Amino acid sequence: SGVGLGKTHLMHSIAHYINKISPEKKVLYVTSETFTNELIEAIRNKNDKSILQFREKYRNIDVLLIDDIQFIINKDRTQEEFFHTFNALFESGKQIVLSADCPASQITNMDDRLKTRFSQGMTVELTAPCYEMRVAILRQKMLKWKKSLITDEVVEFLARNITQSVRALEGAL
């Protein structure tokens, strides 16, 4: 989905849910930027131990969640390492959850091997929330922030006029 529609929120919710129902499982949530930066650091150290530690961290887990996977585009070494990480986890029957701003088939300049692997799983599109959901989001935020002075008319106005991003909706509130 596009920006501000809840991909990161959903990823965090998945991680928290797994930790709650299966606390023995090792769950790792990272952004693709973190994955890339940690790989660069491991390579920079110029020793096999650093690379092995990197691989150990990412391959000896039960669930890997990587947010904004599209940012590994044009990063050949990162794509190569992620390809092998993906395969290791997949072959071990582990869970992999990825978020992106478009379906895998539409990501340009990404290794075809990765695209086909990404397409193996379930793809879910997050769309902008409907009017009723926007009202519910605003009311929930008002409760959380203890902002009871905002009238129903203001909530309805915001929900009618700010339609593309939950972040923008919250910002207006």
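Is leucine 143 buried or exposed? Leucine 143 is exposed, with a relative accessible area of 64%, and its place is in helix H6. Keep in mind that you're looking at a predicted model. The chain averages a pLDDT of 89, and 99% of the residues score at least 70. The points below go through the sheet, the two biggest pockets and a handful of individual residues.

**Confidence**

- Within the chain, S1 comes out with the highest confidence, at a mean of 97.
- H5 sits at the other end, where confidence is lowest, at a mean of 84.
- As a general reminder, predicted coordinates shouldn't be read in detail where pLDDT is low.

**The sheet**

- What you have here is an open sheet of three strands, ordered S1-S2-S3, with parallel pairing.
- Strand S1 (27-31) and strand S3 (95-98) are at the edges with a single partner strand each, so one side of each has no neighbour in the sheet.
- Going from one strand to the next, the twist averages 10°.
- In general, strands of a sheet pair through backbone hydrogen bonds, either parallel or antiparallel.
- S1 pairs with strand S2 (residues 63-67) in the parallel sense, over five bridges.
- If you want to check the register between S1 and S2, leucine 28 has leucine 64 of S2 as its bridge partner, and valine 30 stands opposite isoleucine 66 in S2.
- On the S3 side, four bridges join S2 to S3, and these two strands also run parallel.
- Isoleucine 66 turns up in this pairing as well: its bridge partner in S3 is leucine 98.

**Strand S2 up close**

- How many residues of S2 are buried? Five of the five are, so S2 is largely enclosed by the rest of the structure.
- Val63, Leu65 and Asp67 point one way from S2, while Leu64 and Ile66 point the other way.
- Both of those sets are buried, the aspartate included.

**The largest pocket**

- The largest pocket holds about 870 Å³ of space.
- It is lined by 29 residues, and the closest to its centre are Val97, Leu98, Met122, Thr123 and Val124.
- Leu98, then, is one of the residues closest to the centre of this pocket and also the bridge partner of isoleucine 66.
- Helix H1 (7-21), helix H4 (76-91), S3 and helix H5 (112-120) each put at least two residues into the lining.
- By residue class, the lining splits into 18 nonpolar, six polar and five charged.

**The second largest pocket**

- The second largest pocket has a volume of about 640 Å³.
- Of its 24 lining residues, Gly4, Leu5, Gly6, His9 and Val166 are the closest to the centre.
- The elements giving two or more residues to this lining are H1, helix H6 (131-145) and helix H8 (166-172).
- Which element gives the most to the lining of the second largest pocket? That's H6, with five residues.
- Here the lining divides into eight nonpolar, eight polar and eight charged residues.
- H1 is worth a look, with at least two residues in the lining of the largest pocket and two or more in that of the second largest.

**The loop between S2 and H4**

- Aspartate 68 is in the loop between S2 and H4, and it has a positive phi of about 60° although it isn't a glycine.
- Asparagine 74 is in the loop between S2 and H4 too.
- Asparagine 74 isn't a glycine either, yet it has a positive phi of about 65°.
- At 56% relative accessibility, asparagine 74 counts as exposed, because the cut-off for that is over 50%.

**Proline 129 and leucine 143**

- Proline 129 lies in the loop between H5 and H6.
- Its relative accessibility is 14%, so proline 129 counts as buried, the limit being under 20%.
- Proline 129 and threonine 163 are 34 residues apart in sequence, but C-alpha to C-alpha they are 7.3 Å apart in space.
- Back to leucine 143: its C-alpha atom and that of threonine 85 are separated by 42 Å, with the two positions 58 residues apart along the chain.

Terms used:
Residues numbered from 1 in each chain as written. Predicted model: local features only at pLDDT ≥ 70, side-chain atom pairs only at ≥ 80, totals over all residues. Heavy atoms only, no water. Pairing = 2+ DSSP bridges. Axes fitted to C-alpha atoms, helices over the stretch in contact; angles between N-to-C directions. 1 Å grid on protein atoms, 1.4 Å probe; cavity = no way out; pocket = protein on both sides within 12 Å on 5 of 7 lines; lining within 4 Å. Points joined across faces, edges and corners; volume = space filled by probe spheres on them. Nonpolar A, V, L, I, M, F, W, Y, C, P; charged D, E, K, R; others polar. pLDDT = per-residue confidence, 0-100. Buried < 20%, exposed > 50% of the residue type's maximum accessible area, 1.4 Å probe, protein only.
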